[in-house]
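This briefing covers aromatic pairs, charges over rings, the nonpolar core and the main pocket of a predicted model. The points below are grouped by topic.

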Amino acid sequence: MDAKILEKKIELVVDKLLNLGGADYEQDKEIPLEEVLKSGKCARDYGIEEWDWPQGVGLYGLYLLQSYKNTDGYMDFFVNWFERNLEIGLPSRNINTTCPYLTLVNILDKMPEKEKYEKLCLDQAEFLMKELPKTKDGGFQHVTSAIGDRNGVMLNNGQIWADTLFMAVLFLQQMGIRYNNDDWKAEATHQFLVHIKYLYSKTAGLFYHGFSFERNDNFGGVYWCRGNSWFTLGVTLFLEKADYLDKGTRQFIVDTFVDHAEALKKYQGKSGLFHTVIDDDSSYEEVSGTAAMAAGLIRGIELGLLSDDYKECAKKAVLAICGNVDADGTVLNVSAGTAMGMDAEHYKNIQIRPMAYGQSLALVALCYFERHKSV
């Protein structure tokens with residue numbers, strides 16, 4: 001792909017991300033909860049303004065771009081974003097509202113009033129360790145924000161979800177590294193191991209969306225695209241900084257990643273995209289999950305975890321992502337926020353719309369591809 005075309009795509013995606021705006025959060029109080037969970041039509045998730053996981057992933061993609069370009073070019077945006085949210089008041093503490101902290105911990109030293117933000121990060125790490133509900137085996141229970149009440153939570157009792165690895169565990173690991181806290185680093189490792197134990201399918205090489213300790217099953221047993229991608233990209237971000245791991249633990253996680261990557265190659269569609277239910281080609285093709293997978297595969301090659309055999313898979317995915325960037329920079333064919341489902345139809349019926357994480361994950365994939373032009 002021509003470098004100028006790729007750079008133009010990146011600029012368009014960034015501009016759209018920065019200007020996604022907000023949403024009419026009052027809508028969530030008017031739509032029945034069951035309808036929101038079935039369709040993904042949650043106003044809270046739209047735009048870039050709210051303090052929650054879609055926006056948190058959006059911020060982190062922007063941070064990775066800033067790091068890639070070795071610039072502070074987006075610091076004004078970050079400072080304004082965090083200041084505005086503090087003025088409004090932060091929402092309830094849970095797994096998903098931890099995600100914005102992943103960016104914050106990485107830009108702390110450049111933030112005005114650093115001590116104020118440092119305390120926020122330290123308090124959130126302590127919350128994850130001591131206050132967040134835990135499942136059997138000490139898994140981080142996937143507590144989320146309540147729909148229509150930003151101060152409330154949905155407990156999702158006894159449930160772990162693949163999303164948690166990206167939304168909360170990466171933050172805890174990076175806090176552990178920054179503050180040389182062995183307990184935080186060890187807990188982040190423990191969470192990766194627990195989620196692999198209960199979500200990874202040895203027969204398919206893919207990850208289930210979640211596990212219920214109350215039901216003792218993987219709900220609908222669905223291999224959801226974006227859920228798998230949280231592991232594909234998240235585990236490379238984790239391993240890159242985990243030089244403190246003992247060889248056995250590291251090898252176990254690496255082996256899982258390699259086997260997972262091998263499975264992904266089998267299920268990639270002819271277009272280069274993956275289906276929202278990975279092993280069901282009657283489900284729609286989905287760009288945000290494909291983007292995170294492509295980014296994870298490229299990082300896996302860079303880290304020496306994957307062979308060059310994965311270059312073509314990553315390249316096909318990136319070319320398909322480029323084909324899904326509209327003229328105004330909107331990343332198309334992104335599925336909305338997705339609650340746990342009991343069958344493939346649930347995932348097929350989630351609405352498609354522009355989302356901050358769709359912009360961000362596409363941005364990350366394009367940037368990694370640009371950096372590794374040999375892919």
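In this predicted model, Y101 and F171 are both buried. Their rings have centres 5.6 Å apart and planes at 45°, and because planes between the cut-offs for stacked (under 30 degrees) and edge-to-face (over 60) count as tilted, the pair is classed as tilted. The two residues come from distant parts of the chain, with Y101 in helix α6 (residues 99-107) and F171 in helix α8, 70 residues apart.

**Aromatic pairs**

- The count of aromatic pairs comes to 20.
- In one of these pairs, the ring centres of Y60 and F166 lie 6.2 Å apart with the planes at 80°, so the arrangement is edge-to-face.
- This pair, too, links distant parts of the chain, since Y60 belongs to helix α4 (residues 53-68) and F166 to helix α8 (residues 163-178), with their positions 106 residues apart in the numbering.
- Y60 and F166 are buried, as are Y101 and F171.
- Ring pairs also join W51, W81, F82, Y101, Y117 and F171 into a cluster, which therefore contains both members of the tilted pair.

**Charges over rings**

- K185 lies over the face of Y244, at 5.0 Å from the centre of the ring.
- The charged end of K265 is placed over the ring of Y310, 4.7 Å from the centre of that ring.

**Nonpolar core**

- The largest nonpolar core has 128 residues, of which V57, F82, L104, F166, F171 and F238 touch the most other members.
- Helix α15 (residues 356-371) supplies the largest share of this core, namely eleven residues.
- F82, one of the core residues that touch the most other members, is in contact with W51, L59, P100, L104, I107, M111 and Y117 when its neighbours within four places in sequence are left aside.
- Among these contacts of F82 are W51 and Y117, which are also linked with F82 in the aromatic cluster.

**Largest pocket**

- The volume of the largest pocket is about 370 Å³.
- Its lining is made up of 24 residues, and those closest to the centre of the pocket are L37, W161, G337, T338 and A339.
- The elements that contribute two or more residues to this lining are α3 (33-39), β1 (144-146), α8 and α10 (225-241).
- Helix α8 thus appears in the pocket lining and also carries F166 and F171, the partners of Y60 and Y101.

Definitions and conventions
Residues numbered from 1 in each chain as written. Predicted model: local features only at pLDDT ≥ 70, side-chain atom pairs only at ≥ 80, totals over all residues. Heavy atoms only, no water. Phe/Tyr/Trp six-rings, centres within 6.5 Å; stacked < 30°, edge-to-face > 60°. Helix = DSSP H or I, 4+ residues; strand = E, 2+ residues; numbered from the N terminus. Buried < 20%, exposed > 50% of the residue type's maximum accessible area, 1.4 Å probe, protein only. Lys NZ or Arg CZ within 6 Å of the ring centre and 35° of its normal. Core = buried A, V, L, I, M, F, W, Y, C linked by side-chain atoms within 4.5 Å. Contact = heavy atoms within 4.5 Å. 1 Å grid on protein atoms, 1.4 Å probe; cavity = no way out; pocket = protein on both sides within 12 Å on 5 of 7 lines; lining within 4 Å. Points joined across faces, edges and corners; volume = space filled by probe spheres on them.
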